Every structure is written in structure tokens, then in C-alpha cells.
Amino acid sequence: MQKKERYNELVEYFSTNYPEAETELNYSNPYELLVAVILSAQCTDKRVNIVTEKLFPRFPTPESLAASTADEVFEYIRSVSYPNNKAKHLVGMARILVNDFNSEVPNTIEDLQKMPGVGRKTANVIVSVIFNQPAMAVDTHVFRVSHRLGLVPKTAKTPLLVEKQLIKHIPKDKIAVAHHWLILHGRYICVARTPKCGECNLKPFCQAYEKQKFDTPHL
DNA sequence: ATCCCGAGGG
DNA sequence: CCCTCTGGAT
């Protein structure tokens, strides 16, 4: 199957089955989403939501977070991965937000990446979810699923290369929702260790499944 | 033992 | 390019 067909099938399938896929992180404003996404690195959304339930009431604004210390923030986030780094990042992020951006979450990935803890993936999530820009954040799920399905060439060995490929081939008005499609598919079906191909409706369009069938015909 | 919506530093 | 950070779930 050609790549263009795979993309068409993907958009067709997910548009029908997950028309309104969105993030599973809890948040009620741009600042909270920024905090939640920083916390989500190498950590499940479920765990992040447990932490932010108490973190947000204590630090409801960029000002309140900027006025705190990494040590205090650490106590609230100790159960996520890399709590030390993230505590420092969160306070540093809030201080730049207050000092350089008038406490408003900026709307370009360039400005967003000026803040500690905000890399390209986090910045892309913010401009996509908050500012409705056609940006594709490539995390571990998007990276893995894109390669397995055969949406990107094997030579796309970095998140940035995968991002450029996906942006190029997915219709502009579907890019934001497609990000969440790939996340959900990666989280619940096309999981890292033992993908649940038996439950997957994308089998007919999946390069990895094709190859597996060819290598082990008894399947 | 491996993975979870990565980022920073060398 | 590599390494480190580093808790919880499976």
C-alpha cells in the first residue's frame, strides 16, 4: 500500500471513530496546561492529573508559582518522574512568564522554548491546543505509531523529522486532532511492548503488521 | 526489565 | 551524538 493511501485510511478511520479526540490532561487555562505538559515528560497523564489536583490550587497563577521555590514545588510533584528537574523548570518557567511575557502564555514555539522545561514537543502541544495552530507534537507514542503504520520513512529517525513528515502529509485542518489520534492509538492499542494487533482496526493499513505476517506466516 | 505525551547539558 | 534525571505501573 502506498503512503498516500495509508494517510487517507488513517484520517478516514479516526475521523469516524474518534472525531473529537483531545488531551487527557486536566487543566482549566493555558498556564495550567503548560504546567501539566511540562510534568508529563516520561510520565503517564494519569499520574500528572493526580499531582496537579493539589498543585493547581496551591499555585493558581504564574505569579504564585514564580514566588515559590523549587523545594516547595518538589513536595507537590515528588511522585512524577524527574521531580527535581521539573520543580526547577516550573519555577523558572513561571518567572519568565511573569517577567518577560506579562504572565500570558506566548503563542509561538520560539517564545515558548525560551522557558526552562519547554522543548519543541511541549511548545507544539501548547500552540496546537491553546492557539489552534496546525502543529504536530511528536512524543514517544506519535513517534512509535507513525513508524509502525508506515506513515513516515525509516530515515525519519528524530522527532523533528517525523514531525515534518506528518505535517507534510496530513490535511492541515486535521493535524491538531491527528496528534491526539496517534496518542490514543499508541496508548491503548499500539502500545510499545506488545501491540494489541488483535484489537486493531488499522491492521489492513499497517506496515509493521504486514511485515510481521510475512515473517511469520502462521499468524 | 521496560515504558510513560522529554528536556538540558556535555 | 551521547548522558542524566528518576517515580510509578506493568
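Guide: Some vocabulary before the tour: a residue is buried under 20% relative accessible area, exposed over 50%, and partly exposed in between (1.4 Å probe, protein chains only). You're looking at a predicted model, where local features need pLDDT of at least 70, side-chain atom pairs count only at pLDDT 80 or more, and totals for chains, interfaces and linings use all residues. Residues are numbered from 1 along each chain as its sequence is written, chains are lettered from A and ligands numbered from 1 in the order written, and side-chain values use heavy atoms, with hydrogens and water left out.

Visitor: OK, let's try that out. Is Lys164 buried or exposed?

Guide: Find Lys164 in helix α10, residues 159-169. Its relative accessibility is 51%, so Lys164 counts as exposed.

Visitor: How far apart are the C-alpha atoms of Lys164 and Met136?

Guide: Along the chain, these two are 28 residues apart. In space, the separation between the C-alpha atoms of Lys164 and Met136 is 8.4 Å.

Visitor: How many helices does chain A have?

Guide: Helices (H or I, at least four residues) and strands (E, at least two) are DSSP runs, numbered from the N terminus. Chain A has zero strands, and its pattern along the sequence is α-α-α-α-α-α-α-α-α-α-α-α. The helix count is 12.

Visitor: And what is the radius of gyration of chain A?

Guide: That radius is taken over C-alpha atoms, and the globule rule is 2.2 Å times the number of residues to the power 0.38. For 219 residues the rule gives 17 Å; chain A comes close to this, so it is as compact as a globular protein of that length, with a radius of gyration of 19 Å.

Visitor: What percentage of the residues in chain A are buried?

Guide: The C-alpha trace spans about 60 × 30 × 30 Å along its principal axes. Of the 219 residues, the buried share is 46%.

Visitor: Lots of helices, then. Among contacts between residues at least 6 apart in sequence, what share join residues at least 24 apart?

Guide: A contact means heavy atoms within 4.5 Å. Among the contacts you describe in chain A, the share is 59%.

Visitor: Now some rings. How are those of Tyr13 and Phe14 arranged?

Guide: Rings of Phe, Tyr and Trp (its six-membered ring) pair if their centres lie within 6.5 Å; planes under 30 degrees apart count as stacked, over 60 as edge-to-face and the rest as tilted. The structure has four such aromatic pairs. With centres 5.1 Å apart and planes at 70 degrees, the Tyr13 and Phe14 pair is therefore edge-to-face.

Visitor: How many residues apart in sequence are the parts tied together by Phe14 and Trp181?

Guide: Phe14 and Trp181 are stacked, 5.5 Å centre to centre with 15 degrees between the planes. Phe14 is buried at 1% relative accessibility, and Trp181 is buried at 2%. Because Phe14 sits in helix α1 (residues 3-17) and Trp181 in helix α11 (residues 175-188), the sequence gap between the parts they tie together is 167 residues.

Visitor: Which residue joins Tyr13, Phe14 and Trp181 in one aromatic cluster?

Guide: We've already met Tyr13 and Phe14, and both are buried. Completing the cluster with them and Trp181 is Tyr18.

Visitor: Last one: what is phi of Gln42 near?

Guide: Gln42 is in the loop between α2 (30-39) and α3 (45-58), and its relative accessible area of 60% makes it exposed. Its phi is positive, in a residue other than glycine, and near 50 degrees.
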